[in-house]
Amino acid sequence: MSLQNQKLRLIDFVDSRDNSKYVLGLNMPLYAYSDTIKDASKNLKFIKYLINKGLHQQALLEINRAIFNKELGVDNVEIYTNYIICLRAIDESEKALFDYEIDFPVNIKDNPKIVLEIGNTWKELKNYSNSIQQYKKVISIENKDTTLIDEAWMLKGISHIKLVQLDSAKKSFEKVSNTGFYGKNAAKNIELIVNVNTQKSKNAVWGGILGIIPGAGYLYASHKQTALSSLIINSLFAYGAYTSFKTNNVGIGILASVIGVAFYIGNIQGSIKSVKRFNQTRRDTLLNRISLNFSY
């Protein structure tokens, strides 16, 4: 993907290798929260319009004005939910959490939508343990909105994924209604978790053993270029030491031997690390697909 004329456009990769690490990641846009009741206030409609246009700073000004003037009541859930969303959109997640604790009306603090957005805010800050607690709170609150509950299960599962708690994540996704809005997403995530748990990892010990032959351990870890480089470098030092001793150039022979042995030992250690890195990268690729499989 490249930036052309201020727009993102897809481009072809140069070869068939895994190029997922080169893909440009973009933050998901945040849209206004709205309940099922028709808005009677033009101010509220305008605030949602600003948020949906990505004008979060301007929306915050309107929200603060509405709260100050009490135009929509002192405990309007939509206003305070959108307040959290706007702060998160402008990277003020800490302020959202602080204001929730200090300034939010007491009677709406336990509203499931408010709590869900607080969970999303903790998740944005990568504090997944706290986000899980908030999602659990949403699920435990008496609430007839099954879609909201499913969303909380989904987000809870994704937070478990971030903590590499695969079993807990799988259990969360299994709680999502099969016929609900998030049913297909949950089923796909469960399938990916099963794939992670069943995928066959390469043995790091074998990588070290194969590393006795310069480059073979790296080749086992699918690092072909590193394998070739290791073979060439170790061969050059071995050849240099051999020819030096053969021509009675002992000093150069000893120097080449010492450096060559260091590279040889590093080749074995590097082979082990490469195998572990290969397994971790393949695992992370699947786990990232789980996280990105859900848009909310």
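Is Arg65 buried, partly exposed or exposed, and what is its relative accessibility? Arg65 counts as partly exposed, at 35% relative accessibility. The model discussed here is predicted.

## Overall make-up

The chain holds 13 helices and two strands. It has 296 residues, and buried residues make up 38% of them. About 18100 Å² of the chain is exposed, with carbon and sulfur atoms supplying 57% of that area. Among contacts with a separation of 6 or more, 57% join residues 24 or more positions apart.

## Salt bridges

The whole structure contains seven salt bridges. Three of them are listed here, including the one made by Arg65.

| Pair | Closest N and O atoms | Place | Spacing in sequence |
|---|---|---|---|
| Arg65 and Glu62 | 2.6 Å | helix 2 | three residues |
| Asp99 and Lys95 | 3.1 Å | helix 4 | four residues |
| Glu117 and Lys113 | 3.2 Å | helix 5 | four residues |

Arg65 and Glu62 sit in helix 2, which covers residues 56–69. About one turn of the helix separates them.

Asp99 and Lys95 belong to helix 4, residues 93–102. Their spacing is again about one turn of the helix. The two partners differ in exposure. Asp99 is buried, because its relative accessible area is 4% and buried means under 20%. Lys95 counts as partly exposed, at 36% relative accessibility.

Glu117 and Lys113 are about one helical turn apart, because they lie four residues apart in helix 5. Both Glu117 and Lys113 are buried. Salt bridges with shared partners join this pair and Arg88 into one network.

## Surface patches

Which residues form the negative surface patch? The patch consists of Asp91, Glu92, Glu94 and Glu124. Glu124 lies in helix 5, which spans residues 112–124. With a relative accessible area of 42%, Glu124 is partly exposed. Helix 5 therefore contains Glu124 of the negative patch as well as the bridged pair Glu117 and Lys113.

A second patch is nonpolar. Val205, Trp206, Ile209, Ile212 and Ile213 form it on the surface. Together they have about 520 Å² of accessible area. Val205 is located in helix 10, residues 204–210. Its class is exposed, because Val205 has a relative accessible area of 58% and exposed means over 50%.

## Two buried helix residues

Asn267 is part of helix 13, which runs over residues 250–292. At 3% relative accessibility, Asn267 counts as buried. What does Asn267 contact, leaving aside its neighbours within four places in sequence? Its partners are Gly211, Ile213, Pro214, Gly215, Tyr218, Ser230 and Asn234. One of these, Ile213, also belongs to the nonpolar surface patch. Leu231 is 36 residues from Asn267 along the chain, and their C-alpha atoms are separated by 9.1 Å.

Leu192 lies in helix 9, residues 183–198. It counts as buried, at 2% relative accessibility. Beyond its neighbours within four places in sequence, Leu192 is in contact with Leu286, Arg289 and Ile290. Lys170 is 22 residues away from Leu192 in sequence. The C-alpha atoms of Leu192 and Lys170 are 9.6 Å apart in space.

## Positive phi in two loops

Which phi value does Lys126 have? Phi of Lys126 is positive, at about 65°, although the residue is not a glycine. Lys126 is in the loop between helix 5 and helix 6, the latter covering 128–140. At 61% relative accessibility, Lys126 counts as exposed.

Val164 also has a positive phi without being a glycine, with a value near 55°. Where is Val164? It is placed in the loop between helix 7 (146–162) and helix 8 (166–174). Val164 counts as partly exposed, at 46% relative accessibility.

Notes: Residues numbered from 1 in each chain as written. Predicted model: local features only at pLDDT ≥ 70, side-chain atom pairs only at ≥ 80, totals over all residues. Heavy atoms only, no water. Patch = residues over 30% accessible without salt bridge, like charges linked within 9 Å, V, L, I, M, F, W, Y side chains within 5 Å. Areas by Shrake-Rupley, 256 points an atom, 1.4 Å probe, with all protein chains shown as cover. Salt bridge = Lys/Arg side-chain N within 4 Å of Asp/Glu carboxyl O. Lys, Arg positive; Asp, Glu negative; His and termini not counted. Charge placed at Lys NZ, Arg CZ, Asp CG, Glu CD. Buried < 20%, exposed > 50% of the residue type's maximum accessible area, 1.4 Å probe, protein only. Contact = heavy atoms within 4.5 Å.
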